[in-house]
Amino acid sequence: MVKICCIGAGYVGGPTMAVIALKCPEIEVAVVDIATPRINAWNSDHLPIYEPGLDDVVKKCRGKNLFFSTDVEKHVAEANIVFVSVNTPTKTQGLGAGKAADLTYWESAARMIADVSKSDKIVVEKSTVPVKTAEAIERILTHNRKGINFTILSNPEFLAEGTAIKDLFNPDRVLIGGRETPEGQKAIHALRDVYAHWVPLDRILCTNLWSAELSKLAANAFLAQRISSVNAMSALCEATGADVSQVSHSIGTDSRIGPKFLNASVGFGGSCFQKDILNLVYICECNGLPEVANYWKQVIKVNDYQKSRFVNRIVSSMFNTVSGKKIAVLGFAFKKDTGDTRETPAIDVCKGLLGDKAKLSIYDPQVSEEQILKDLAMKKFDWDHPAHLQPTSPTTSKKEVSVVWDAYEAIKDSHGICILTEWDEFKNLDYQKVFDNMQKPAFIFDGRNVVDVKKLRQIGFIVYSIGKPLDAWLKDMPAVA
Ligand code: UDX
Ligand code: UDX
C-alpha cells in the first residue's frame, strides 16, 4: 500500500490531499501540520478553510484513508511519498529583502525528513518556490541521508481558491518535474500513477525539474499580467468614455486572446500572484537580466496604482475628504467564495481610507472580525508564516473600524459604499432600501463591476464603477491618477 504524507495543512495541502484520498481509496493519506488549532479544525465539523465542495470530500474519506495529524515525524517516517506544502514567505530582511523567498520552513522540513526517514522516499515540492529550490533541497537531503535514497520532484499546484475542488477534479494539466535519471523517471511514474486514478494521461505533463518550477511562476505571472493589462485599460476607459467591459468582451472574442481573466477590478490579490512575481523579478536580477525583471515589476506597479487610484476616486468625489465619514466596505476576501484575505486589495484600500481618517464599517460573509483587524494592522509580507509564528502587530482601533455581520448594518447611515469583493449577494441587495438608509449624496464605488450602474443612478446614487463611463459628478472632480 502506498502511503502519502503532506507537510502543511493549508489552502494547498488540505484540499489537494483530500481529493487524492477520495480518488485513490487504496492510498493512505496523512496531512500533517505544526499548527495544532489548524489540525483540530480539519478534524472537526468546521474546516479551517472555506472552499465549496470541500466538506463533502473530507467527510467521505476522513478516518478511512485520510488523516489529519500533528504527529509530523511519525507520518513522514511511514510515507513513501512526502509532499511539502509549507509557507514560503517573501524575505523582509537581509539579502533579497522584499523580493526573494524565505525558505526557512522548507529547509527545516527537508532536514526533518532526512532525520526521521528509515526508508527510501519521493519528496514532492508542492509549495511555489524559486527556480532551483529543488536542487538546494536535494543537497540537504543527500548530505543527511544515512544510506536512504531521496528523489525530489516538483509538482506545482494550479488550483485557484474558491474553485479548488472543481480544479482538482478536472485540472487543465498536472505538471510533474523530475531529474532525467532512471531514479528521477521512476519517481515521476510513481506520482503519475497517483494522478492517473482520475486525470487523463495526456493531461499529465512530465518535464525536467527546473521547467516545472519555472512554469508555475510563469503561469502566475502571465495571469497577473493579464489583469494588470485590463486594469491599465480601465484607467484609459474612464479617461475617454469607453466601457472596459465592452473592451474586454471585444478583445476576448479573439480566439488567440480568449475571454477568461479579463475582468477589470480594484486589483488582484491572493497569496500567490505578487509573491511569485517578486520571486521571478529576483531570479531575473540574480541572473543579470534587469530588463526582464523590470518588465515583470511593472505588473505589480500597475496593481498598486489601481488600488491607490480607487482610493483617490473615493476621496476626491466626496469633496476631497472622508474624515469622520462612515464608509461601508462590502467584501474583504481577495475574491468571492473564499474566506482568504491574503494580499487582498481590501487591505490597501481600507488603509488608504483610514489614512484619510474615514470610519469604516466592514462586512464580508466569510471573514471574521479578528482576521480583518489583524490584517489591517499587519506589516506587508508578515502574513505568510504559520499562525503561531506570525509577527505580532498592534491591532487596529475599533473606533475607526467596525466589523458587522450584515450588509445593511454596514450601510446604515453611511456616506459611501465600496464594493471590494464580488460576492453574489452584493448584486441582489435591495438598493432602494440601501439608498433610503444612507446619508445624501449617496455614493457607491464598485471595485468589482457587480452593480447595475444605470439602475443605481436612476435610484439617485452617484456611482463609480471601475473602467465604466464616469458619472457627471466624478467628471467635475479633480483628476485623480
Ligand atoms: C503555502 C504557501 O503559502 C505558498 O507559498 C506555497 O506556494 C504553498 O504552500 P497555502 O497552503 O495557501 O500555501 O499556505 P497556508 O495555508 O499558510 O499553509 C501552510 C501550512 O504549512 C500552515 O498551516 C503551516 O502551519 C504549515 N507549516 C508551515 C508546517 O506544518 N510546518 C512548517 O515548518 C511551516
Ligand atoms: C491563482 C492562480 O489562478 C492559480 O492557478 C494558482 O495556483 C494560485 O494563484 P488564486 O490566487 O486562488 O489562484 O485566484 P485567482 O482566481 O487566480 O484570482 C487572483 C486575483 O485576481 C483575485 O484577487 C481576483 O479577484 C483577481 N482577478 C481575477 C481579477 O481581478 N480579474 C480577473 O479577471 C480574474
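**Two ligand shells and two sheets**

Me: How far from an oxygen atom of ligand 1 does a polar side-chain atom of asparagine 87 lie?
Reply: This is a predicted model, and the distance is computed from it. The contact comes from the side chain of asparagine 87 and goes to an oxygen atom of ligand 1. The distance is 2.9 Å.

Me: Which residue has a polar backbone atom 2.6 Å from an oxygen atom of ligand 1?
Reply: Serine 85 also offers a polar backbone atom, but that one is 3.5 Å from an oxygen atom of ligand 1. Among the residues that come nearest to ligand 1 are Asp33, Arg38 and Lys275. The backbone contact at 2.6 Å belongs to threonine 128.

Me: What share of the area that ligand 1 exposes when taken alone does the protein bury?
Reply: The polar contacts include a backbone one at threonine 128, at 2.6 Å. Taken alone, ligand 1 exposes 680 Å². The share buried by the protein is 94%.

Me: How many residues of the shell around ligand 1 are charged?
Reply: There are 19 residues around ligand 1. Of these, 7 are nonpolar and 7 are polar. The charged residues number 5.

Me: Which residue has a polar side-chain atom 2.7 Å from an oxygen atom of ligand 2?
Reply: Glutamate 161 reaches an oxygen atom of ligand 2 at 2.7 Å, but through a backbone N or O atom. Phenylalanine 334 also uses a polar backbone atom, at 2.8 Å. The side-chain contact comes from arginine 448.

Me: How much of the accessible area of ligand 2 does the protein cover?
Reply: One of the polar contacts is the backbone one at phenylalanine 334, 2.8 Å from a ligand oxygen. On its own, ligand 2 has 670 Å² of accessible area. The protein covers 90%.

Me: Which helix gives the most residues to the shell around ligand 2?
Reply: The shell holds 20 residues, with Phe158, Ser265 and Lys335 among the closest. By class, 11 are nonpolar, 4 polar and 5 charged. The top contributor spans residues 209-240 and gives 4 residues: helix 9.

Me: Which strands stand at the edges of the sheet with a single partner strand each?
Reply: Take the open sheet of 6 parallel strands, in the order 11-10-9-12-13-14. The strands at its two edges each have a single partner, so one side of each is left without a neighbour in the sheet. From one strand to the next, the twist averages 15 degrees. The edges are strand 11 and strand 14.

Me: Which residue in strand 14 does isoleucine 444 stand opposite?
Reply: Strand 13 and strand 14 run parallel and are joined by 4 bridges. Isoleucine 444 has its opposite number in strand 14: valine 463.

Me: At about what angle to strand 10 does helix 13 run?
Reply: Helix 13 lies across strand 9, strand 10, strand 11 and strand 12. Helix 14 lies across strand 10 and strand 11, and its angle to strand 11 is about 155 degrees. For helix 13 against strand 10, the angle is about 155 degrees.

Me: Why is one side of strand 3 and of strand 8 left without a neighbour in the sheet?
Reply: These strands belong to an open sheet of 8 strands with mixed pairing, in the order 3-2-1-4-5-6-7-8. Neighbouring strands are turned by 25 degrees against each other on average, direction ignored. One side of strand 3 and of strand 8 lacks a neighbour because both stand at the edges, each with a single partner strand.

Me: What is the bridge partner of glutamate 125 in strand 6?
Reply: Strand 5 and strand 6 pair in the parallel sense over 5 bridges. For glutamate 125, the partner in strand 6 is serine 154.

Me: What is omega of the cis peptide bond that joins lysine 440 and proline 441?
Reply: Most peptide bonds are trans. This one is cis, and its proline 441 is found in the loop between helix 16 and strand 13. Omega is about -5 degrees.

Me: What is phi of lysine 132 near?
Reply: Most residues other than glycine have a negative phi. Lysine 132, in the loop between strand 5 and helix 6, has a positive value. Its phi is near 85 degrees.

Note on methods: Residues are numbered from 1 along each chain as its sequence is written. Chains are lettered from A and ligands numbered from 1 in the order in which they are written. This is a predicted model: local features need pLDDT of at least 70, side-chain atom pairs count only at pLDDT 80 or more; totals for chains, interfaces and linings use all residues. Side-chain values use heavy atoms; hydrogens and water are left out. Two strands pair if DSSP finds at least two bridges between them. Axes are lines fitted to C-alpha atoms, for helices over the stretch in contact, and angles run from 0 to 180 degrees between N-to-C directions. Contact means heavy atoms within 4.5 Å. A residue is near a molecule or strand if one of its heavy atoms lies within 4 Å of it. A polar contact is a pair of N or O atoms within 3.5 Å; within protein, one must be able to donate a hydrogen and the other to accept it, and residues adjacent in sequence count only if both atoms are side-chain atoms. Accessible areas come from the Shrake-Rupley method with a 1.4 Å probe; for residues, only the protein chains shown count as cover. Ala, Val, Leu, Ile, Met, Phe, Trp, Tyr, Cys and Pro count as nonpolar, Asp, Glu, Lys and Arg as charged, and the others, Gly among them, as polar.
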